[in-house]
Amino acid sequence: MNMALLEKEMKNRKVSNFEIARQLGINISTWCRKKNRPEKISIGEAEKITKILSLSPEMAREIFLA
């Protein structure tokens with residue numbers, strides 16, 4: 001997973017870590033732990049993040065399948 005690219009896309013779209021956590025239905029601390037250990041991000045969460053950030057399929061692949 002390419003966390004640097006995810007962070008860049010979040011910044012470009014002005015979506016905070018708090019907003020990602022809220023929309024995933026998890027605590028902000030849980031989201032921060034998942035970001036530090038990206039292998040813990042589930043496929044379902046990756047799909048939700050893709051929708052939250054309105055990522056293109058190509059960008060989603062670049063972020064989550066890196």
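**Exercise 1. Glu-9**

Task: Place Glu-9 in this predicted model, decide whether Glu-9 is buried or exposed, and list what Glu-9 touches.

Solution:
- Step 1. Glu-9 sits in helix H1.
- Step 2. The relative accessible area of Glu-9 is 7%. Buried means under 20%. Glu-9 is therefore buried.
- Step 3. Leave out residues up to four places away in sequence; Glu-9 then touches Leu-55, Met-59 and Ile-63.

**Exercise 2. H1 against H5**

Task: Describe how H1 and H5 cross, and say which residues make the contact.

Solution:
- Step 1. Two numbers are needed: packed helices are described by the angle between their axes and the distance between the axes.
- Step 2. The axes of H1 and H5 cross at roughly 135° and come within 8 Å.
- Step 3. Angles over 145 degrees count as roughly antiparallel, and 65 to 115 as roughly perpendicular. The pair H1 and H5 is therefore oblique.
- Step 4. H1 brings Leu-5, Leu-6 and Glu-9 to the contact, and H5 brings Met-59, Glu-62 and Ile-63.
- Step 5. Sorted by class, the contact of H1 with H5 has 4 nonpolar and 2 charged residues, with no polar ones.

**Exercise 3. H2 against H3**

Task: Treat H2 and H3 in the same way, with their angle, their axis distance and their meeting residues.

Solution:
- Step 1. Helix H2 covers residues 17–24, and helix H3 covers residues 28–36.
- Step 2. Their axes lie 9 Å apart, at an angle of about 105°.
- Step 3. The range 65 to 115 degrees counts as roughly perpendicular. H2 and H3 are therefore roughly perpendicular to each other.
- Step 4. From H2 come Asn-17, Phe-18, Ile-20, Ala-21 and Leu-24; they meet Ile-28, Trp-31 and Lys-35 of H3.
- Step 5. The residues of this contact split into 6 nonpolar, 1 polar and 1 charged.

**Exercise 4. Glu-45**

Task: Which helix holds Glu-45, and which residues does Glu-45 touch?

Solution:
- Step 1. Glu-45 belongs to helix H4, residues 43–52.
- Step 2. Its relative accessibility is 12%, so Glu-45 counts as buried.
- Step 3. Beyond residues up to four places away in sequence, Glu-45 touches Leu-24, Lys-34 and Lys-40.
- Step 4. Leu-24 also appears among the H2 residues that meet H3.

**Exercise 5. Positive phi**

Task: Where do Lys-14 and Ser-54 lie, and is each buried or exposed?

Solution:
- Step 1. Lys-14 is not a glycine, yet its phi is positive, about 55°.
- Step 2. Lys-14 lies in the loop between H1 and H2. Its relative accessible area is 76%, so Lys-14 is exposed.
- Step 3. Ser-54, a residue other than glycine, has a positive phi near 55°.
- Step 4. Ser-54 lies in the loop between H4 and H5. With a relative accessible area of 57%, Ser-54 is exposed.

**Exercise 6. The largest pocket**

Task: How much space lies in the largest pocket, and how many residues line the largest pocket?

Solution:
- Step 1. The largest pocket holds about 200 Å³ of space.
- Step 2. Its lining has 13 residues; Ser-42, Ile-43, Ala-46, Phe-64 and Leu-65 lie nearest its centre.
- Step 3. H4 and H5 each supply at least two residues of the lining. H4 gives the largest share, 4 residues.
- Step 4. By class, the lining has 8 nonpolar, 2 polar and 3 charged residues.

Terms used:
Residues are numbered from 1 along each chain as its sequence is written. This is a predicted model: local features need pLDDT of at least 70, side-chain atom pairs count only at pLDDT 80 or more; totals for chains, interfaces and linings use all residues. Side-chain values use heavy atoms; hydrogens and water are left out. Buried means under 20% relative accessible area, exposed over 50%, partly exposed in between (1.4 Å probe, protein chains only). Contact means heavy atoms within 4.5 Å. Axes are lines fitted to C-alpha atoms, for helices over the stretch in contact, and angles run from 0 to 180 degrees between N-to-C directions. Angles under 35 degrees count as roughly parallel, over 145 as roughly antiparallel, 65 to 115 as roughly perpendicular and the rest as oblique. Ala, Val, Leu, Ile, Met, Phe, Trp, Tyr, Cys and Pro count as nonpolar, Asp, Glu, Lys and Arg as charged, and the others, Gly among them, as polar. On a 1 Å grid over the protein atoms alone, a cavity is a set of points where a 1.4 Å probe fits but cannot get out, and a pocket is an open set with protein on both sides within 12 Å along at least five of seven lines; lining residues have an atom within 4 Å of a point. Grid points are joined across faces, edges and corners, and a volume is the space filled by probe spheres set on the points.
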